[in-house]
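Work through the exercises below with the model open. Try each task before reading its solution.

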Amino acid sequence: MNHRICFLTHNYRGLNSSGNKAKHDNEVTLREIGAVNLGVPTTYYDSKVASFFLDLAGVVKLSMTVRRGDIVVLQYPVKKYFAFVCNMAHAHGAKVVAIIHDLGSMRRRKLTVAKEIRRLMHADYVIASNATMKDWLSKNGFTNGLGALQLFDYRSASPCTERAARNSEAVPRVVYAGALNPRKNTFLLDMAKVAKGYDLEIFGNEDGLPGLKASEHVHLHDFMAADDFIANAPGDYGLVWDGDSLTTCSGHFGEYLRWNSPHKASFYLRAGLPLIVWRCSALAQIVKELGVGILIDRIEDIGPRLSAITPEERATMAANALTVAQRLSTGAFFKDALKEAVDRIE
């Protein structure tokens, strides 16, 4: 039986944040597969007031355009309206698939786990960020259909080309790119003490992290536009690590790595960079399965782990990263997860 795949767009106040970029990329994928936008057209106004009324108008329009047999895809969290939209879809004989971008009970801890599970249970099927989050949802009482995305796709017009093999004696370059702020990545302040056997290339607004200074093996660079980074990333590996500690990922952002698939990982892979990730993170299983990086327990492990990698192993990881980059650029991870969801709830 054929069903309409539908979605609800909203107003995007810029696409520089990882959350907005990931949601917008998913909308591009939905349109590619012929999904129908039941709300108002996508807009890009910076005004909070305009954003509120445009998003509300989209919800109202959906309530009048959804019909029996539709499968409505929602990108969770949906501010204020998630339960309402789910209930409205069900009242019209439609079903709901929700893809999780963030869990409030984990990242910002503004919800209790029980309240978030009750909210998500309004959906007929949920696509968790990865298999680890899927297991967590199941163990905490989510009993509807459940799948896993693994990695958020990353669409860009920039080509990701195979990088020329570097001299095996050259110092490896590890990249850390993204927003810098004391809540998320103060561990960078201590990197000069432990960066040995590699150079750390930091891309971002250094003013956002007071006290950050360059050193012999720590180099600071201005923010680089995403498309430029993808085409010309000056590095060999991308580091995914958050918190204030060099020995473990700590704090709300660091602990959250145990459960989520950070957009930063997709960004690095889209640029063809293999990953360096915390062994206790949800990414660790994904990196092992795809063969796209190495696992570390603490930051001090980076140098020894990189020195032990043979040129052949490095070439294999780079080739695997290019394969994943191609999938990320075409929305393949979301397409596969959505296909499974639709097949299971029909």
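**Exercise 1. Find the bridge partner of Ile127 in β6, then trace the chain between the strands.**

Solution. Start at the bridge: Ile127 pairs with Gly147 in β6. Next, follow the chain, which leaves β5, passes through α5 and enters β6 in a right-handed β-α-β crossover. Right-handed means that, with the strands pointing away from the viewer, the path from the first strand over the helix to the second runs clockwise. Then count: β5 and β6 run parallel and are joined by 4 bridges. Strands and helices here are DSSP runs, numbered from the N terminus: E of at least two residues for strands, H or I of at least four for helices.

This is a predicted model, in which local features need pLDDT of at least 70 and side-chain atom pairs count only at pLDDT 80 or more, while totals for chains, interfaces and linings use all residues. Residues are numbered from 1 along each chain as its sequence is written, and side-chain values use heavy atoms, with hydrogens and water left out.

**Exercise 2. Work out the strand order of the sheet and name its edge strands.**

Solution. The sheet is open and has 6 strands, in the order β2-β1-β3-β4-β5-β6, with parallel pairing. Its edges are β2 (36-37) and β6 (145-148), each of which pairs on one side only. Two strands count as paired if DSSP finds at least two bridges between them. Check one end: β1 (residues 5-7) and β2 are parallel and share 2 bridges. There, Phe7 faces Asn37 in β2. Now move to β4 and β5, which run parallel with 3 bridges. Val97 stands opposite Tyr125 in β5. Finally, add the helix: β4, α4 and β5 form a right-handed β-α-β unit.

**Exercise 3. Sort the side chains of β5 by the way they point.**

Solution. Recall the rule: in a regular strand the side chains alternate between the two faces of the sheet. In β5, Tyr125 and Ile127 point one way, and Val126 and Ala128 point the other way. All four are buried, that is, under 20% relative accessible area with a 1.4 Å probe, protein chains only.

**Exercise 4. Which residues of α4 and α3 are buried, and how are they arranged?**

Solution. Take α4 (residues 113-120) and pick out Glu116, Ile117 and Leu120 as buried. Seen down the axis of α4, these fall within an arc of 100 degrees, so they line one face of the helix. The arc is taken over the directions from the helix axis to the C-beta atoms. They pack against β3 (71-76), α3 (82-91), β4 (95-100), β5 (125-128) and α5 (131-139), contact meaning heavy atoms within 4.5 Å.

Turn to α3, where Phe82, Val85, Cys86 and Ala89 are buried. They too lie within an arc of 100 degrees, so they line one face of α3. Their packing partners are α2 (48-65), β3, β4 and α4. Just after α3, Gly93 has a positive phi of about 85 degrees.

**Exercise 5. Describe the surroundings of Gln75.**

Solution. Locate Gln75 in strand β3. Its relative accessible area is 12%, so Gln75 is buried. List the contacts, leaving out residues up to four places away in sequence: Ala22, Lys23, Asn26, Glu27, Ile99 and His101. One is a polar contact between the side chains of Gln75 and His101, at 2.6 Å. A polar contact is a pair of N or O atoms within 3.5 Å; within protein, one must be able to donate a hydrogen and the other to accept it, and residues adjacent in sequence count only if both atoms are side-chain atoms. In addition, a polar side-chain atom of Gln75 lies 3.0 Å from the backbone oxygen of Lys23.

How values were computed
Buried < 20%, exposed > 50% of the residue type's maximum accessible area, 1.4 Å probe, protein only.
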